[in-house]
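Student: Could you take me closely through the cysteines of this predicted model, and then through its pocket lining?

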Amino acid sequence: NYRDKIGSQIDYIAYMLARTQQIFRYDGLPDSIPQRMLEMQLQMHGFACIAEYEGTLYAFRGGLGGEPDVYYRPTICTVANPALKMSRLYKIDVDCIIMRNDSYIQGLLPMFRRYATAMVENDISFDILSKNARAAALIRAPDDATQAAGNKFIEDLGDGKPTVIGENGFLDGIRVQPLANVNQRSMTELIEYQQYVKASWYNEIGLNANYNMKRESLTTTEAQMNFDALIPLVDDMLNSRKEAVDKINAMFGTSIRVDLASSWEKISESLQALGTEVDSSESDNQESGEENGNSDTEKSVQQNNNE
């Protein structure tokens, strides 16, 4: 149902969150902290409170507050968990560690809502345009009998049945008014816009999804030009997790490790390889320039000696 905007947005966001579940790979997480639940809290709510309760380590959802420190950061995390029948105030970096999804504790939902909204609106526009394309002409009938005959004629055409018109009244009474044809360019633009929004959304989470607005093949340079845009957010998310994991291991004696996984790991390796190639190329060019310079110097010295 394209008109159900909220439901469609939730579907788009849920499918994207299923993809982002694969960004990171954890090793050494305790059984009481499932990776899926930890990442769900981080991505949807922006942070998770890692703390012990009765000797077991949990990733709690809580509220940040307390008297701000010198940099106006919260110092207390309030946790109320109905399943454990507990309510506690954990002092940050003393009783608990706050694992952030990103530096500003935004999570992914604000960004996901923006892109999902754009895609849903475009879906509705394309749905309306495609339905309007079915009406090649507006058919008018002066009476019920002619209308029934016209409906039967259209129904038979739809069923693929041969149709015969044998009444002059039908031909004389019916009026056909041609409608403006659906602009093929409009449909193409909607398709391109959908590809643009989807590619931008993928790029935001570090996946390289090029959209070709040129309607022709892309050069290697054009295909790689957006690689730099893939790095910052995922790197920030990874660094935020690694920083928290180091504190958790130090406070609770665990051996948790986190790194990129799936397609994000491959992209990171490709970027590193690309950087190595660039550095090597620059080094070769520099050496070549030095050799040419030395050769020119030798020729100049030899010429002076001859003179």
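Tutor: In this predicted model, the sulfur of Cys 96 has its closest cysteine sulfur in Cys 49, at 3.7 Å, which is too far for a bond, because a disulfide requires the two sulfur atoms to lie within 2.5 Å. Cys 96 is also buried, its relative accessible area being 0%, and Cys 49 is likewise buried, with a relative accessible area of 0%. When the whole structure is searched, zero disulfides are found. Cys 49 takes part in none, and for this residue the nearest cysteine sulfur belongs to Cys 77, at a separation of 3.6 Å, which again fails the cut-off because a disulfide is counted only within 2.5 Å.

Turning from the cysteines to the open space in the model, the largest pocket holds about 420 Å³. Its lining is made up of 15 residues, and those closest to the pocket centre are Arg 73, Pro 74, Ile 92, Asp 93 and Arg 100. Two or more lining residues come from each of two elements, the strand β7, which spans 96–100, and the helix α8, which spans 227–252. Of the contributing elements, α8 gives the most to this lining, supplying four residues. As for the chemical character of the lining of the largest pocket, seven of its residues are charged, six are nonpolar and two are polar.

Methods
Residues numbered from 1 in each chain as written. Predicted model: local features only at pLDDT ≥ 70, side-chain atom pairs only at ≥ 80, totals over all residues. Heavy atoms only, no water. Buried < 20%, exposed > 50% of the residue type's maximum accessible area, 1.4 Å probe, protein only. 1 Å grid on protein atoms, 1.4 Å probe; cavity = no way out; pocket = protein on both sides within 12 Å on 5 of 7 lines; lining within 4 Å. Points joined across faces, edges and corners; volume = space filled by probe spheres on them. Nonpolar A, V, L, I, M, F, W, Y, C, P; charged D, E, K, R; others polar.
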